[in-house]
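Open the structure in your viewer and keep the selection tool handy. This tour goes from stop to stop, telling you what to pick and what you will find there.

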Amino acid sequence: MLSISFGAATDTGAVREVNEDCMTAARGIAAVADGMGGHAAGDVASHLAVARLEHLQDAKTALNPDDLLAAIVDANGDILDSVASDRARDGMGTTLCGVGVVCVGGVDHWIVFNVGDSRVYRLNDDVLTQVTVDHSEVQELVAAGLLSREEARVDPRRNVVTRSLGTDPAPQADVWVFPPTPGERFLVCSDGLTLEIDDEQIAAVMRSEPDAQRAADALVAAAVSAGGRDNVTAVVVDVELPVDHSAVETDTAPRSELQSRGDVS
Ligand code: CA
């Protein structure tokens, strides 16, 4: 399996009293859930969603994309059951997005999954791109050409999500599956981060701070000091690809010479 290192940080922010974000980063999965609902019910919803992914992290065998999709459906059911048992939780829900390792055709791949307006970004060759597409009213306006990306960040409708967990029928999760690339890095974050700092500021931290934990800490600190109007969560994922020793065989120099130069370990 891919060797992954994580850094994770979360903060209630400067305004809210409860942190309704929840995150997990272990084994092959990093995810963020951003809960919504009165009476701290959002906190219940986001924890229920993350609990289903933590169950997957305990799996003894390699995961496949269907395992992830089933866990998201199960998490949705858990939230509906919780509402049914306590009507004070009526209307509670959560976003859920993240990146994980799945086995496809016997080979490790990334899976990026998303329901709602938390995000997964990917840094590759110093270029930051948003992998996920927000399920939000303002994203639909951006797609229609009626708002710019920058206008969407500050539009009063930015909090309206068009897809979330806690609905009947269960929401359809967006999924992307692709092979790993050496040197790439991911960020999973709640909208409390992207509300306060823009993509260029995020990219600057992701490029300049090689340690995943320090990068996550710096991103959350930047969002809180920029206003911290919402809960802020960031998980940074780094991957170490195994060194391909077969590449040495393509070198035309005699083996003894390579060894004497210290190129072969
Ligand atoms: Ca939020």
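Start by selecting V236, which sits in strand β11. Keep in mind as you look that this is a predicted model. Is V236 buried or exposed? Its relative accessibility is 0%, so V236 counts as buried. Now show what surrounds it: setting aside residues up to four places away in sequence, V236 touches S5, F6, G7, R185, F186, L187, M206, A212, A215, A216 and L219. Add V99 to the selection as well. V99 and V236 are 137 residues apart along the chain, yet their C-alpha atoms are separated by 10 Å.

Next, pick E184, in the loop between β9 (174-178) and β10 (185-189). With a relative accessibility of 1%, E184 counts as buried. Beyond its neighbours within four places in sequence, E184 is in contact with W110, R122, L123, N124, P179, V237 and V239. For a sense of distance, select M36 too: from C-alpha to C-alpha, E184 and M36 are 32 Å apart in space, and 148 residues apart in sequence.

**The calcium ion**

Which residues coordinate the calcium ion? Select D34, D191 and D230: the ion is coordinated by OD atoms of these residues, with D34 listed twice, at 2.2 to 3.1 Å. Along the chain, the donors follow the spacing D-x156-D-x38-D. D34 lies in strand β3 and D230 in the loop between α7 (212-225) and β11 (232-240), so this pair ties together parts that are 196 residues apart in sequence. Buried means under 20% relative accessible area. D34 has 9%, so D34 is buried, and D230, at 8%, counts as buried too.

**The second largest pocket**

Keep D34, D191 and D230 selected, for they are among the residues that line the second largest pocket. Add the other lining residues: R16, E20, G35, M36, T95, D117, N159, V161 and N231. You met M36 earlier, as the partner of E184 in the distance check. The space in this pocket is about 200 Å³. Strand β3 (residues 29-36) gives the largest share of the lining, 3 residues. By class, the lining divides into 2 nonpolar, 4 polar and 6 charged residues.

**The largest pocket**

Now select R119, A152, R153, R158 and T194. Of the 21 residues lining the largest pocket, these lie nearest its centre. The elements giving two or more residues to this lining are α3 (137-143), α4 (149-154) and α5 (191-196). Which element gives the largest share of the lining? That is α4, with 4 residues. The pocket holds about 370 Å³ of space, and its lining has 13 charged residues, alongside 4 nonpolar and 4 polar ones.

**The nonpolar cores**

For the last stop, select L53, L56, L68, I72, L96, F113 and L165. These have the most contacts inside the largest nonpolar core, which has 25 residues. At least two residues of this core come from each of β3, α1 (41-57), α2 (65-85), β5 (96-104) and β6 (107-115). Zoom in on L165: leaving aside neighbours within four places in sequence, L165 is in contact with A49, I72, A75, N76, I79, M92, G93, T94, L96, V115 and P171. Apart from this core lies another, of 21 residues, including A9, L128, A212 and A223. A212 brings you back to the start of the tour, as one of the residues that V236 touches.

Conventions. Residues numbered from 1 in each chain as written. Predicted model: local features only at pLDDT ≥ 70, side-chain atom pairs only at ≥ 80, totals over all residues. Heavy atoms only, no water. 1 Å grid on protein atoms, 1.4 Å probe; cavity = no way out; pocket = protein on both sides within 12 Å on 5 of 7 lines; lining within 4 Å. Points joined across faces, edges and corners; volume = space filled by probe spheres on them. Nonpolar A, V, L, I, M, F, W, Y, C, P; charged D, E, K, R; others polar. Donors = N, O, S within 2.8 Å, 3.2 Å for Na, K, Ca; no water. Buried < 20%, exposed > 50% of the residue type's maximum accessible area, 1.4 Å probe, protein only. Core = buried A, V, L, I, M, F, W, Y, C linked by side-chain atoms within 4.5 Å. Contact = heavy atoms within 4.5 Å.
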